Amino acid sequence: MECGGEKMVLKPIRTSKKLGDEEEAILLSPGSRMFHEPNYNIHIIAIMGWKIPLDINSLKAQIPSKLLKHPRFSSLQVMDESGEMRWVPTTVNIDDHVIVPQLDIINNSNMDTDKLVEQYLSNLSTTTIDISKPLWDIHILNVKTSHAEATSIFRFHHSLGDGIALMSLLLSCFRKTSDPTSLPTLPVSSKNKSNSKNIRSLIWQYIVKLWLFIRLLFNTVVDVLLFIATALFLKDSQSPFTVAKGFNKNHSTGQRFIYRTVSLDDIKFIKNATNATINDVILGITQAALSRYINRKYDVEGKMKEQMRCRATVLVNLRPALGVQAVAEMIEKNAIVIQGNCFGFVIIPLDIAQLQNPLDYVHKAKISMDRKKRSLESQCTFYILQLFLNLFGFKGATKLAKRVPSQTTLAFSNVAGPLEEVSFSGHPLAFLAPTCYGQPTGLMVHACSYAKKLTFAITVDEGMISDPNQLGDDFVNSFISINEAALSKFRTKVD
């Protein structure tokens, strides 16, 4: 699972020695190879809502000049006689990858198209992409829902690369709606730097840095020990979201995909009111929503729990993310943009409780997130996976990568989308909701910002949660209660 297996350089795909009658191609990175092991067959999907119906011929015409210029999307993954998997360039038939299902909604004005799209997504999660072709496809549902005029699902196998790189590649195909010649703009994090050169100040800075280094070491040791304990025996408390013992989780088990959109400006207002980050607010809303659902469930069943161990597994990409501009330039040069999978784990504790002040969910999330920022957990867990890979091969490393998330309550992820509204081939985007299926957890929460909106994409295992839409509503209601508490705090300050 070496990050250095495929270097971050402008490198055109090329072939070298002969392999029988075929040219030998680039090997899959060990991290990508793991996603082909049994029971770890994970697919990434980007659910996209559109403001107008989709012109299918127009979309097909754009794919060769944008998406197919990247070698990963025009290559097969082929296993050779030695058991190694390689990227082998092939000719792509667009019609094999753009799927337009025939939906029977004519003369049926009473049909709930929201449920129709939800059911289609659920059915899709029980399938995999045929390995005899490049591992991606696009499903177009030209039906109006309460969210958009049309919906498309862009699906690709996780072996193509990590979610951040794939999202950057996808967004590089879009252009600003206000300026069709300009690429989308992504948020850039800024860090304040101190320019003080006072002697006493410098001495104090060195003392602080020494203390922070000691804390970093201590936190890292604790986190690694907890990671090992989780892999061996430490499991989250039983809840509606945890995979019950004996539950057979496989590809025949469908998953439900629910997405809810809230105001990004209100998220930023909560951030400012709590002196937190947007990530802290997203995690705080997630804690509040899960608390609502779990407490309601246990109240009904008469077995409310006082304390509950609930944790989220976050898959952390260890490569620096490329910007959309850089990705677009690399594609023009036929260079390799997506560099395989190089990841570590971070396990974040969640506070599941009924709190009097909704803002406390954000405060508690901030404490957890600040603590994780002072740890090298993701880097250390990467090297633990590397050790397992060297000692036990792909099967051993995959077993560990699957075991740890399955011991926690949910998988959690978020990604920053474009700052402005964007379009693809003249089709303006209404919302963007990326998520996964095939992961070893029964619940996944993914948040994605787009223009002035933020969408929560919630994936749950069919059969584990009977009312996923209620869970989606809990996210919206939790957001509303936290926002109202922030407004109340602001009014109190003004008065």
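This is a walk through the structure above, a predicted model, from its overall make-up to its helix contacts and two loop residues.

Let's begin with the whole chain. The protein has 495 residues, and 52% of them count as buried. Its secondary structure comprises eleven helices and 17 strands. If you take the contacts in the protein with a separation of 6 or more, 80% of them come from residues 24 or more positions apart.

A good place to go next is the stretch at residues 210-234, which UniProt lists, in an unreviewed entry, as a "transmembrane region". In the model, this stretch is 92% helix and 0% strand. The C-alpha atoms at its ends lie 32 Å apart.

Helix α5 covers residues 199-232, and its packing partner here is helix α10, residues 377-406. Two packed helices are described by the angle between their axes and the distance between the axes. For α5 and α10 the angle is about 25° and the axes are 9 Å apart. Angles under 35 degrees count as roughly parallel, and α5 and α10 are therefore described that way. The crossing of α5 past α10 is right-handed. If you would like to find the contact on screen, look on the α5 side for T220, D223, V224, F227, T230, A231 and L232. Facing them from α10 are E377, C380, T381, I384, L400, R403 and V404. Sorted by class, the residues of this α5 and α10 contact are eight nonpolar, three polar and three charged.

Now turn to helix α11, residues 468-494, which packs against helix α9, residues 359-373. The angle between α9 and α11 is about 100°, and their axes are 8 Å apart. Since angles of 65 to 115 degrees count as roughly perpendicular, this is the description that applies to α9 and α11. From α9, the residues L359, Y361 and V362 meet I482, A485, A486 and K489 of α11. This contact of α9 with α11 has six nonpolar residues, no polar ones and one charged.

Helix α11 also packs with helix α6, residues 264-274, at an angle of about 50° and with the axes 9 Å apart. That angle makes α6 oblique to α11, and the crossing of the two is left-handed. On the α6 side, the contact is made by D266, I267, F269, I270 and A273. On the α11 side, it is made by F479, I482, N483, A486, L487, K489 and F490. By class, the α6 and α11 contact contains nine nonpolar residues, one polar and two charged. Look out for I482, A486 and K489 of α11, which take part in the contact with α9 and also in the contact with α6.

Helix α4, residues 163-171, is worth a stop for its burial. It is mostly covered, with seven of its nine residues buried. The buried ones are A165, L166, M167, S168, L169, L170 and L171.

Finally, have a look at the backbone of two loop residues. S425 sits in the loop between β14 (422-424) and β15 (427-437), and its phi is near 55°, a positive value in a residue other than glycine. A451 lies in the loop between β16 (443-450) and β17 (453-461). A451 is not a glycine either, yet has a positive phi of about 55°. As for their surroundings, S425 is partly exposed, with a relative accessible area of 24%, whereas A451 counts as buried at 14% relative accessibility. The cut-off between the two descriptions is 20% relative accessible area, with buried meaning under that value.

How values were computed:
Residues are numbered from 1 along each chain as its sequence is written. This is a predicted model: local features need pLDDT of at least 70, side-chain atom pairs count only at pLDDT 80 or more; totals for chains, interfaces and linings use all residues. Side-chain values use heavy atoms; hydrogens and water are left out. UniProt positions are given in the numbering used here, feature names are shortened, and annotations may be inferred rather than shown by experiment. Helices (H or I, at least four residues) and strands (E, at least two) are DSSP runs, numbered from the N terminus. Axes are lines fitted to C-alpha atoms, for helices over the stretch in contact, and angles run from 0 to 180 degrees between N-to-C directions. Angles under 35 degrees count as roughly parallel, over 145 as roughly antiparallel, 65 to 115 as roughly perpendicular and the rest as oblique. A crossing is left-handed if the near helix is turned anticlockwise from the far one by less than a right angle, and right-handed if clockwise. Contact means heavy atoms within 4.5 Å. Ala, Val, Leu, Ile, Met, Phe, Trp, Tyr, Cys and Pro count as nonpolar, Asp, Glu, Lys and Arg as charged, and the others, Gly among them, as polar. Buried means under 20% relative accessible area, exposed over 50%, partly exposed in between (1.4 Å probe, protein chains only).
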